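The following exercises concern the reading of a protein model from its secondary structure to its surface. Each task is followed by a solution in steps.

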Amino acid sequence: MTSSLAASLTSAGFNLQNESWFDTLCIEVDDAAQVVQAAELAGFNFREVSSTRIGVSLDQTTTDEELRAICGVFGAEAKDGLSGIPSNLLREMDYLSHPLF
């Protein structure tokens with residue numbers, strides 16, 4: 001989901017402050033307080049990093065509907081995105097393969 005948000009925001013002209021990510025993006029905006037307020041009105045809690053940067057974190061419970069709503073706060077259209085984890089850090093072996101899982 002975070003990669004889809006990243007693709008959506010960059011496509012809409014926003015600059016991301018982090019080159020890689022797992023669940024959190026730092027986004028450059030004109031007025032962080034205004035974006036945070038708009039997010040709160042939409043039911044979301046964004047972090048004001050500075051007057052021109054905000055942080056947005058997603059998790060495994062974030063739905064497609066929520067992603068579209070978050071994009072809407074920025075005036076962006078939801079898009080699919082590629083992984084934000086650098087390829088040299090991606091797992092190359094199975095994990096959680098024990099029968100317990």
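**Exercise 1. Pairing at the hairpin**

Task: Determine which residue in E4 is the bridge partner of Ser50, and describe how E3 and E4 are connected.

Solution.

1. The bridge partner of Ser50 in E4 is Arg53. The model under study is a predicted one.
2. Strand E3 comprises residues 47-50 and pairs with E4 in the antiparallel sense, over three bridges.
3. Another bridge of this pair joins Arg47 to Gly55 in E4.
4. Two residues lie between E3 and E4, and the two strands form a hairpin.

**Exercise 2. From strand pairs to a sheet**

Task: Establish the order of the four strands in the sheet, and identify which strands stand at the edges.

Solution.

1. Begin with the inventory of elements: the protein has three helices and four strands. From the N terminus they follow one another as α-β-β-α-β-β-α.
2. E1 and E2 pair in the antiparallel sense over two bridges. Within this pair, Leu16 has Ile27 of E2 as its bridge partner.
3. Strand E2 (residues 24-28) pairs with strand E4 (residues 53-57) over five bridges, again in the antiparallel sense. Here Leu25 stands opposite Val56 in E4, and Cys26 stands opposite Gly55 in E4.
4. The pairing of E3 with E4 was treated in Exercise 1 and is antiparallel.
5. Taken together, the four strands form an open sheet in the order E1-E2-E4-E3, with antiparallel pairing.
6. Strand E1 (15-16) and E3 each have a single partner strand and therefore stand at the edges, with one side of each left without a neighbour in the sheet.

In general terms, the strands of a sheet pair through backbone hydrogen bonds, in either a parallel or an antiparallel sense.

**Exercise 3. The nonpolar core**

Task: State how many residues the largest nonpolar core has, and name the element from which its largest share comes.

Solution.

1. The largest nonpolar core has 23 residues. Those with the most contacts inside it are Leu5, Ile27, Phe46, Ile54, Val56 and Phe74.
2. Helix H1 (2-11), E2, helix H2 (32-41), E4 and H3 each contribute at least two residues to this core.
3. The largest share is that of H3, with five residues.
4. Ile54 illustrates the packing. Setting aside residues up to four places away in sequence, Ile54 touches residues including Leu25, Ile27, Val35, Val36, Phe46 and Phe74.
5. For the protein as a whole, 33% of the 101 residues count as buried. Among contacts between residues at least 6 apart in sequence, 53% join residues at least 24 apart.

As a general tendency, nonpolar side chains in soluble globular proteins are buried together.

**Exercise 4. The surroundings of H1**

Task: Explain why H1 is described as largely enclosed by the rest of the structure, and name elements that cover its buried residues.

Solution.

1. A residue counts as buried when its relative accessible area is under 20%.
2. In H1, the residues Thr2, Ser3, Ser4, Leu5, Ala6, Ala7, Ser8 and Leu9 are buried.
3. Eight of the ten residues of H1 are thus buried, so the helix is largely enclosed by the rest of the structure.
4. The cover over these buried residues includes E1, E2, E4 and H3.
5. After H1 comes Gly13, which has a positive phi near 100 degrees.

**Exercise 5. Exposed positions and the surface**

Task: Classify Leu41, Gly72 and Leu100 as buried, partly exposed or exposed, and place them in the structure.

Solution.

1. The exposed class requires a relative accessible area over 50%.
2. Leu41 is in helix H2. Its relative accessible area is 76%, so Leu41 is exposed.
3. Gly72 belongs to helix H3. With a relative accessible area of 46%, Gly72 is partly exposed.
4. Leu100 lies in the segment after helix H3 (64-74). A relative accessible area of 70% makes Leu100 exposed.
5. Leu100 also takes part in a nonpolar surface patch of about 540 Å², made with Tyr95, Leu96 and Phe101.
6. The accessible surface of the protein comes to about 7,000 Å², and 47% of this belongs to carbon and sulfur atoms.
7. Two C-alpha separations complete the placement. Leu41 and Val73, 32 residues apart in sequence, are 9.3 Å apart in space. Gly72 and Ala42, 30 residues apart along the chain, are separated by 9.1 Å.

Terms used:
Residues are numbered from 1 along each chain as its sequence is written. This is a predicted model: local features need pLDDT of at least 70, side-chain atom pairs count only at pLDDT 80 or more; totals for chains, interfaces and linings use all residues. Side-chain values use heavy atoms; hydrogens and water are left out. Buried means under 20% relative accessible area, exposed over 50%, partly exposed in between (1.4 Å probe, protein chains only). Contact means heavy atoms within 4.5 Å. Accessible areas come from the Shrake-Rupley method with a 1.4 Å probe; for residues, only the protein chains shown count as cover. Patches are made of residues with over 30% relative accessible area and no salt bridge: like charges are joined within 9 Å, nonpolar side chains (Val, Leu, Ile, Met, Phe, Trp, Tyr) within 5 Å. A salt bridge is a side-chain nitrogen of Lys or Arg within 4 Å of a carboxyl oxygen of Asp or Glu. Two strands pair if DSSP finds at least two bridges between them. A nonpolar core is a set of buried Ala, Val, Leu, Ile, Met, Phe, Trp, Tyr and Cys residues joined through side-chain atoms within 4.5 Å.
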